[in-house]
Amino acid sequence: MNPLFCRQCTSCMLRNALNCIRLSSRHYANTSTGASRKGSLELVDVLCGGVGPSTHGMNEVPGEMKEGEIRHRKKEVFSGDGSGANGSPYMVQIADRYGMPAELPAGASQSFEELEKLCPSDTLREQLQQLRASRRWETLTVVQRAVIPLILDHRDVLCIAPTATGKTFCYVFPSMLRLVLHARGIEGAVADSSDNELSRSNVETLLKEKIARGEICRYCELGIADVKVCPMTGTPHPPVPELLDKQLRGAMWLNELTSVAEPLVLILVPTSQLAMQVHQLCTQLHVDFRVKFLVRASSAEEQKRHLNALEGCDVLITTPETMLPALYKRKLSLRRVKMLVMDEVDDLVSVNHFEKVKIILGALPKGHDRPQRLLFGASLPPVAYQMVREQMLLPSHRFVLADVKTDKLGHALVDGRSTASAAITHVVFMVSQVEKISKLAWLYSTGKLRPDQRTLIFCNSRHNVAYVAEQLQKLVPDLHVTTLTSRSSATGKMGTLKLFRSGVSTCLVCTDILSRGIDFHNVVYVVHYDTPLEFDTWVHRSGRCGRHGVSGYCYTFFQPESVKLAKPLVAHLRQTQQLIPPKLQEYANQSLVDTFKSSLFYHPTRPYRSGDPQRHHPVMGRGMPRFPDYKQERLNKNFRPL
């Protein structure tokens, strides 16, 4: 148990509060003299000296782990300087619902060897070893060492970490471990824990069950049969209700008796490509459980085949839009879901998927059967973070934030010294709309883009994807170009990705359908042919290269229409010590307001045409906002109460 949450005596609360104050202001104590630090310690001893040193939290540390080892592990996770990640460029911070620093549970696993000891079955242990050998993983990343122990502690987790930090493994392994424990009937207890241990998760589970049954008041947490009046609200306690078993709808057809899928783990992702990638990792740790994914079908026959394949599903990986027809047709039931994972949460709570996600959350179990929620992403705006923290997570959740280590000037730190980003080199070209395709061909002709290296070219629409692919085949004849858009069939998408991953095709022109979460190996170049509307999308696109120790090069074709991205783009380039074009710096210094609903920037040699696919994007992101009005302020702005 965390000593900061010890409530055994008043002296311990006072001592812990003063310790928190002293720890939060440690940067002042570092510049002070030794006498001042000694005086702060003597103040704590004087205030709490009548009772003696606090021992409640220390006595509850299981095993023979000493205080020095606990401090060493905390230092490893928070700073990223542990033996498992020497020279890690990321700094991980853990916070509770109030934003205060939180700690890892005692005995947190910090290596693959310790995770193998947690495996209750030999099959999971062997599959984990085979996965390490195939992926060549030696140690856990700093993000994995912070997130996995919190998930195993049965907490809701919100993790925001950069790309290529191992977020997928953070929820795949705990999910499979929980399935094994659930199958063996020992869920809620760690595999190597004793039977008589009174752990925090067991107490919370018992309390939730009694509150759901009506035996304990949810406000005062006292027994309703013993206390007649609630001391918190001042109202009488209701009588203990008689629980009635919930009867499910009877089967209307004979095939419904066996064709309803009831998964235990539900993983929601924004795109079908990411669903297939997560499915590939889950099948390597399946532990004889049935792992299936559901993607959008291109025909009625294919949809029927997908729905029939859901029978007997334990882990379901799908997108919100694809999942709703299965719910409506009674081919899928969420009453047995124990764990809900939302990958790329910033996209799932945007206007693209939020309405579907609300329907899915409403179909999940409530009360003491509420599933554990794990939310992951590489970025999250403040408005979405506030909604997620208040509406989607329990008060006991933990917020894990991983960011690049920087010095006082904001430059990235690697091995303790200031350096440029070693993974990705950014180059920005200030071009007009008509010059982009010739500039792309010039990159190939000058060797900036090599035909034998894998290249991802991102466009904002499928019309531009077809245009760029057609022009590249004419201008660069020896280049094998493939395309991928949302209109491609599921079989076509799998075939295109297989060609690109195998190296048969070295140039893939696509939309933002591949910008999030897709893990490509040996991708050297990323080209932003169309500048995205949001800076977060630009960050996700750039993260497709420079992974797994391979250096990457990112080329951005910046136009005057994308002046909204000038300021954050210049800030990112300055932080990573990249070259900044003077014209881009000039755009960043300006403060333009999109007052007019039409673009003000058009090249003089290209007249305006309303149906021109090259002019589909706005100047400064006009139109529908990316994130919905969670508080419905626009809906109620004209409401005046009486």
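Contact is taken here to mean heavy atoms within 4.5 Å. In this predicted model, S272, Q273, M276 and Q277 of helix α11 meet K493, M494, L497 and R501 of helix α19. The residues of this contact comprise three nonpolar, three polar and two charged. Helix α11 spans residues 272-283 and helix α19 spans residues 490-502, and their axes come within 11 Å of each other, crossing at roughly 65 degrees. The crossing in which α11 passes α19 is right-handed.

Apart from this helix pair, the model contains an open sheet of six strands, arranged in the order β11-β16-β15-β12-β14-β13 with parallel pairing. The edges of the sheet are formed by β11, residues 424-430, and β13, residues 481-484, each of which pairs on one side only. On average, and with direction ignored, neighbouring strands of the sheet are turned by 20 degrees against each other. Within the sheet, strand β15, covering residues 523-528, runs parallel to strand β16, covering residues 552-558, and the two are joined by four bridges. In this region H528 stands opposite T556, a residue of β16.

Helices also lie across the strands of this sheet. Helix α18, made up of residues 462-475, lies across β12 (454-458), β13 and β14 (507-510), and its direction is at about 175 degrees to that of β13. Helix α21, made up of residues 566-575, lies instead across β11 and β16, running at about 140 degrees to β11. Each of the two edge strands, β11 and β13, is thus covered in this description, β13 being among the strands that α18 lies across and β11 among those that α21 lies across.

Methods. Residues are numbered from 1 along each chain as its sequence is written. This is a predicted model: local features need pLDDT of at least 70, side-chain atom pairs count only at pLDDT 80 or more; totals for chains, interfaces and linings use all residues. Side-chain values use heavy atoms; hydrogens and water are left out. Two strands pair if DSSP finds at least two bridges between them. Axes are lines fitted to C-alpha atoms, for helices over the stretch in contact, and angles run from 0 to 180 degrees between N-to-C directions. A crossing is left-handed if the near helix is turned anticlockwise from the far one by less than a right angle, and right-handed if clockwise. Ala, Val, Leu, Ile, Met, Phe, Trp, Tyr, Cys and Pro count as nonpolar, Asp, Glu, Lys and Arg as charged, and the others, Gly among them, as polar.
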